[in-house]
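Welcome, and thanks for opening your viewer. Let's take a friendly walk and select a few things along the way.

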Amino acid sequence: MTQQPADDAIATLLKEERRFEPPVSFAEQAHVSLREEYDKLYRESLDAPEAFWKREAQELVFRKPWRTTLAWQPPHAQWFVGAELNVTESCLDRHLRGPRKNKAALVWESEPGETRTWTYAQLHRETVRLTRALAKLGVQKGDRVAIYMGMVPEAVVAMLATARLGAVHTVVFGGFAPDALRDRIHDCQAKVLITQDGAYRRGTVVPLKDMVDRALAQHEARSVENVVVFRRIGPDGCRIAMQPGRDHEWDALMSEADRLPGGGAVAVDAEHPLFILYTSGSTGRPKGVLHTSAGYLVGVHVTSKYVFDLRDEDVYWCTADIGWVTGHSYIVYGPLSNGATCLLYEGAPNFPDWGRFWRVVEKHGVTILYTAPTAIRAFMRQGSDWPQKSDLSSLRLLGTVGEPINPEAWVWYHHFVGGDRCPIVDTWWQTETGSIMLTTLPGAAFAKPGATGLPFFGVEVAVVDDQGADVAPGSGGKLVVRRPWPAMLRTVWGDDARYREQYWSTIPGAYFTGDGARRDADGYHWVVGRIDDVLNVAGHRLGTAEIESALVSHPAVAEAAAVGRADELKGQALVVFVTIKGNHHPSAELAETLAQHVGEQLGKFARPDQIRFAEALPKTRSGKIMRRLLKDVAAGRETSGDLSTLEDFGVIASLRADE
Ligand code: WTA
C-alpha cells in the first residue's frame with residue numbers, strides 16, 4: 001500500500017484545485033509555448049482550415065495534392081479530396097532521405113529483457129520484404145488482412161506492409177478469445193491472417209497460433225486463405241501445428257521475398273480505407289470503425305507533434321497495446337510519421353515486479369511516457385518506492401489516456417514519476433475520433449488534475465442537453481463534436497445505417513461521443529465517462545450487449561444484464577446479474593463457471609468481477625432492462641428516480657435480499 005509520506009505529499013498538493021503551469025524550461029522549447037499562440041492557431045484551424053491544414057501537413061508525402069480540403073455531406077466527410085498517397089511513404093520513405101535514415105525507429109524491450117533496435121532504414125527494409133511476401137500471397141489493394149499478434153516489432157511491420165499495398169488491416173488485440181477473432185474475421189472477410197506462435201505475458205506463453213487454429217476451424221472464418229506465422233517463441237517454448245498450403249513461416253516468406261520484385265508503395269486515394277478497428281458499442285456486435293488514409297494520417301501526425309511536443313532527440317514510449325486504437329495512432333502512424341524513436345515493450349507492467357516500467361524508462365532514457373490511469377493507480381497502490389528505485393530524470397513529458405484520471409493519481413504521477421518537472425497531458429479521444437480531441441498543449445496551457453483541457457486544432461466540441469443546446473458552464477451534459485475533423489471515422493464497416501444511428505442521431509447535427517462532460521469557466525473539459533451502455537473497465541471498452549450475449553450463450557443462463565460499478569483501481573468494475581434456467585442452482589461454482597465462460601467467449605480481460613443471481617430482472621413495461629436500477633443495486637446505493645414503469649416491484653426486493 002501507499003506509504004504515509006506519499007499520502008501526505010498528495011494531500012498537500014490536493015488542498016486547493018491546483019493549476020500546474022508548464023515549467024518555463026519546457027515551454028521555452030515547446031512547439032507551442034504560449035497560450036496566445038494556441039488560441040491563434042485554434043482560431044485559424046476553425047476559421048481558415050484550408051490554410052491551416054495545408055501548412056500543418058506539408059511535411060507529409062503526397063503523390064498528388066488535394067483539390068478540396070473538406071467535402072461535407074452530413075454525416076459523411078471526405079478530407080483532402082483528390083489527393084493520392086500511401087501513408088507508409090510518410091512514415092518510412094521520407095525519413096530515408098535525410099539524417100533520420102539511421103535513427104532508431106523502434107526500440108523493442110522484450111518481456112524476458114532483451115533489446116532490439118530497428119532504424120528507419122531497417123524498418124523500411126523489413127516492411128518492403130513483407131509487402132512483397134503479402135503480394136505473393138495474393139493480397140491486393142482493398143483486401144482485408146487480420147493481424148493477431150503481441151507486442152513485437154513484426155506487428156508494426158505487418159500493419160505497415162498491409163498499408164503499403166493499399167490493403168486494409170484489422171488488428172485484433174491478442175487478448176481476445178478465438179470466437180471474438182472469428183467474428184472480426186467474418187465481419188470484414190479477411191483474406192490473410194498474420195500471427196505469431198505465442199506471445200510472452202507475465203512469464204507464460206499465450207498460445208496465439210492455437211487460438212487462430214480454433215478460430216479458423218469455424219466456417220464463419222473461411223475467408224482466410226493464408227496464415228503467416230512469426231516464430232516469436234520457437235518450438236522449444238511453443239509447439240504449434242502448421243497446416244500445409246494455408247500456413248506459412250514468416251522467415252521463409254521473407255527470404256523468398258528477397259528474390260522478388262516489388263515492395264513499392266501503392267498510391268491510393270485520400271479516402272481509401274486504411275484500417276478497420278472493432279470496438280464495443282451500446283448495442284449488438286462490435287462495430288468495425290473505418291479509418292481512411294489522408295485525413296487519419298494528417299490527424300495523428302499533427303496531434304503527435306503538438307501534444308507530445310515531439311522532437312528528434314526524444315525516446316517516446318506509449319504503453320498501449322497495438323490492438324487498440326492508441327497503439328495504432330500513437331505507437332505506429334503518428335510517431336513514425338514524425339520520425340520519432342518509439343519504445344515498444346512486450347510484456348506486463350509488473351513483470352517480474354512492480355519496478356519493471358521504471359527500469360525500462362531508465363534503461364532506454366525514455367523522455368515521453370504515455371500510459372493509462374488504471375496503470376498509474378495500480379503503481380500508486382504498490383507504493384512510491386518502486387519509481388524511486390530508478391533514475392527517471394530522462395522524462396520530460398507525461399501523458400494519460402483511456403479513462404478519467406482521479407486527481408490523486410494525477411498528482412502522484414506528477415510527483416513520483418515526473419519529479420514535479422514534467423507537464424502531464426490528459427488526452428481525451430476515442431477509437432472513432434482517430435486522433436486526440438481534448439488536451440492541454442504541454443508548453444502552452446496549465447493543467448488541472450482531472451480535466452482533459454481544451455480542444456485540439458480543428459476540433460469544435462460542445463456540452464449539450466438532449467435538444468442539442470449548450471448547457472451553462474459548469475453544468476453536466478452530453479459531449480458532442482460539431483464539425484468534421486480529419487481523422488474522424490468514416491463509417492461502420494458494412495453498416496452505414498449503424499454509423500448514422502449510433503453517432504449522428506442522438507443530437508441533431510452533431511457527433512455524439514457517448515460521454516458525459518462539463519466545461520468549466522476556464523473552458524476546460526471534465527469528461528466523466530460513458531453515459532451510454534458502454535463500460536470502461538481498466539481502460540478497456542466493453543459493450544454491455546456483448547457481455548450479455550456471451551452469458552446467455554451458456555446453457556445455464558436465461559437472461560443477463562451487465563452494469564458498471566465504480567472501482568478504485570479499474571475505474572469501473574463489471575457486475576452482471578443473471579437469471580438461470582430451472583434445472584440450475586445459484587452457487588459460487590456456477591458463478592465461477594460463468595465468469596470463465598465469458599473469458600472464453602470474449603477474452604480474459606472481459607471476465608466479470610462479480611456475478612449475481614436474480615430471480616428475474618427488473619424491466620420496464622416495454623421489456624427494457626432497467627439498468628439504472630441495477631447500477632444502484634450493484635453500487636449498494638438506494639434506488640433513485642421513478643420506478644412506476646417497473647413490471648414487477650417484487651423483483652427489487654429479491655435483488656436486494658440477495659445482497
Ligand atoms: C474514455 C481510447 C476521460 C471515454 C483512446 C471515451 C477518457 C472512451 C479519456 C474511448 C480521458 C478516453 N478522460 N475519459 N482522457 N480518454 N476516455 O475507443 O469514455 O478505447 O469515450 O479509445 O474512453 O475509448 P476507446
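Before we start, here is how to read the labels: helices (H or I, at least four residues) and strands (E, at least two) are runs assigned by DSSP, and they are numbered from the N terminus. Keep in mind, too, that you are looking at a predicted model.

**Stop 1: a loop with an unusual angle**

Select R202, which sits in the loop between β9 (199–201) and β10 (204–206). Its phi is near 55°, a positive value in a residue that is not glycine.

**Stop 2: two cis peptide bonds**

Now go to P74 and P75. The peptide bond from P74 to P75 is cis, and its omega is near 0°. Colour the strands on either side, β1 (68–73) and β2 (76–81), and you will find P75 in the loop between them.

Next, select F351 and P352, where the peptide bond is again cis, with omega near 0°. Here the loop that holds P352 runs between β17 (341–345) and α13 (356–364).

**Stop 3: the ligand**

Show the ligand and the residues around it. Which residues come nearest to the ligand? They are D426, T427, T431, D515 and R541, out of 18 residues around it. By class, this shell divides into six nonpolar, seven polar and five charged residues.

Zoom in on D515: one of its polar side-chain atoms lies 2.7 Å from an oxygen atom of the ligand. Then turn to the backbone of E403, where an N or O atom is 3.4 Å from a nitrogen atom of the ligand. For P404, a polar backbone atom lies 3.4 Å from a ligand nitrogen. Taken on its own, the ligand has 530 Å² of accessible area, and the protein covers 96% of it. To see which elements give two or more residues to the shell, colour α12 (325–337), β20 (424–427) and β27 (525–530).

**Stop 4: an open pocket**

Move on to the second largest pocket, with a volume of about 430 Å³. It is lined by 16 residues, and those closest to its centre are D533, K624, I625, M626 and R627. Highlight α18 (544–552) and α20 (627–635), as each supplies at least two residues of this lining. How many residues of each class line the pocket? There are four nonpolar, five polar and seven charged ones.

**Stop 5: closed spaces inside**

Rolling a probe the size of a water molecule over the atoms shows where empty space is left. In this structure there are five cavities of 30 Å³ or more, and the largest has a volume of about 70 Å³. To find that largest cavity, select W53, S435, F456, F457 and P486, the residues nearest its centre among the 14 that line it. Helix α11 (residues 294–307) gives the most to this lining, with three residues. Colour the lining by class and you should count ten nonpolar residues, four polar ones and no charged ones.

**Stop 6: a salt bridge**

Side chains of opposite charge can pair when their charged atoms come close. The structure holds 51 salt bridges, and our last selection is one of them: the side chains of K136 and E256 meet with a distance of 2.6 Å from N to O. This pair links distant parts of the chain, since K136 belongs to helix α6 (residues 120–136) and E256 to helix α10 (residues 250–257), 120 residues apart.

Definitions and conventions. Residues are numbered from 1 along each chain as its sequence is written. This is a predicted model: local features need pLDDT of at least 70, side-chain atom pairs count only at pLDDT 80 or more; totals for chains, interfaces and linings use all residues. Side-chain values use heavy atoms; hydrogens and water are left out. On a 1 Å grid over the protein atoms alone, a cavity is a set of points where a 1.4 Å probe fits but cannot get out, and a pocket is an open set with protein on both sides within 12 Å along at least five of seven lines; lining residues have an atom within 4 Å of a point. Grid points are joined across faces, edges and corners, and a volume is the space filled by probe spheres set on the points. Ala, Val, Leu, Ile, Met, Phe, Trp, Tyr, Cys and Pro count as nonpolar, Asp, Glu, Lys and Arg as charged, and the others, Gly among them, as polar. A residue is near a molecule or strand if one of its heavy atoms lies within 4 Å of it. A polar contact is a pair of N or O atoms within 3.5 Å; within protein, one must be able to donate a hydrogen and the other to accept it, and residues adjacent in sequence count only if both atoms are side-chain atoms. Accessible areas come from the Shrake-Rupley method with a 1.4 Å probe; for residues, only the protein chains shown count as cover. A salt bridge is a side-chain nitrogen of Lys or Arg within 4 Å of a carboxyl oxygen of Asp or Glu.
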